[in-house]
Amino acid sequence: MGKEESNRIQTSLLNAMEKKVLVWLAERQPAWMTSDILTYTGVLGAVICAVGFILAHIDTGYLWLSSFGLFVNWYGDSLDGTLARVRHAQRPIYGFFIDHTLDAVTICIMCIGAGLSPMFRLDVAMLVLAGYLVLSIYTYISTILKDEFRLTYGSFGPTEFRLAVILMNTIFMYTPLSEFSWVVCGQALGVFDIMGLLISLFLFGAWLSQFLTDRRMLSERDPLKPYVPQHKKA
């Protein structure tokens with residue numbers, strides 16, 4: 001079965017720099033710090049992010065709390081595996097299980113929080129969640145079938161996704177763009193709803209592109225067997 005020891009594919013814009021930063025941080029963690037603590041820190045970051053989103057109804061300045069939560073989520077979620085590799089303490093089966101099970105929980109928490117914020121309609125946030133989960137499920141299937149764990153699609157990965165949301169938070173707080181909206185097919189969509197739709201389009205588009213590529217490759221590896229009726233065999 002696919003595990004953390006599978007070939008990791010990382011092609012994002014910030015990958016090279018991020019790797020250096022994570023190794024630097026991992027080498028300076030206190031002895032009591034463990035990968036599990038970092039993984040749960042990532043979940044805590046997701047909760048902080050969601051709370052900031054929801055409190056933005058009271059004051060948009062709470063979106064700074066949301067952005068801080070995204071940083072905490074990055075710190076825990078990105079550093080847990082690096083710490084294990086730096087310390088040569090990998091747990092391929094348990095690590096894959098706990099990390100990616102909680103990944104699904106954290107993205108749900110953050111997207112629900114975003115949908116309950118003044119930035120996004122709930123249905124738009126749920127569409128982003130659906131796209132993220134579809135791409136995640138596809139990644140895990142590929143890990144099992146191809147022994148490849150694809151962390152990024154094109155130049156975009158989880159880190160870039162977080163930065164995009166932090167940028168949107170900042171734009172929402174300090175520009176009048178939140179005041180603009182359009183009616184499309186009877187539905188009122190704000191600027192940030194359209195941004196959310198574009199993100200979901202990217203997620204589903206990345207899935208479809210990779211699906212079509214892998215479908216051809218796997219079809220050749222496991223070709224269709226000719227059907228021979230039972231009476232002809234006899």
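## Contacts and overall layout

Of the contacts (heavy atoms within 4.5 Å) in the protein between residues at least 6 apart in sequence, 77% join residues at least 24 apart. This is a predicted model, in which local features need pLDDT of at least 70 and side-chain atom pairs count only at pLDDT 80 or more, while totals for chains, interfaces and linings use all residues. Residues are numbered from 1 along each chain as its sequence is written, and side-chain values use heavy atoms, leaving out hydrogens and water.

The protein has 8 helices and 4 strands, taken as DSSP runs numbered from the N terminus (helices H or I, at least four residues; strands E, at least two). Starting at the N terminus, their order is β-α-α-α-α-α-β-α-β-β-α-α. Along its principal axes the C-alpha trace spans about 75 × 55 × 25 Å.

## Helix H1 and its two faces

Let's look at helix H1 (residues 15-27). Its 13 residues should span 18 Å at 1.5 Å a residue, and the end C-alpha atoms are indeed 18 Å apart; the expected span is 1.5 Å times one less than the number of residues.

Asn15, Glu18, Leu22, Leu25 and Ala26 of H1 are buried, that is, under 20% relative accessible area, with exposed meaning over 50% and partly exposed in between (1.4 Å probe, protein chains only). Seen down the axis of H1, these buried residues fall within an arc of 95°, so they line one face of the helix; the arc is that of the directions from the helix axis to the C-beta atoms. Helix H3 (63-86) and helix H6 (158-174) are among what covers them. The face turned away from the buried side carries the exposed residues Ala16, Met17, Lys20 and Glu27.

## A pocket lined by H1, H3 and H6

The second largest pocket has a volume of about 210 Å³. On a 1 Å grid over the protein atoms alone, a pocket is an open set of points with protein on both sides within 12 Å along at least five of seven lines, whereas a cavity is a set where a 1.4 Å probe fits but cannot get out; lining residues have an atom within 4 Å of a point. Grid points are joined across faces, edges and corners, and a volume is the space filled by probe spheres set on the points.

Residues lining this pocket include Met17, Glu18, Trp74 and Arg162. H1, H3 and H6 each give two or more residues to the lining, and H6 gives the most, with 4 residues.

## Enclosed space

The whole structure holds 3 cavities of 30 Å³ or more, and the largest has a volume of about 180 Å³. Among its 15 lining residues, Ala114, Phe120, Val128, Phe161 and Val165 are the closest to its centre.
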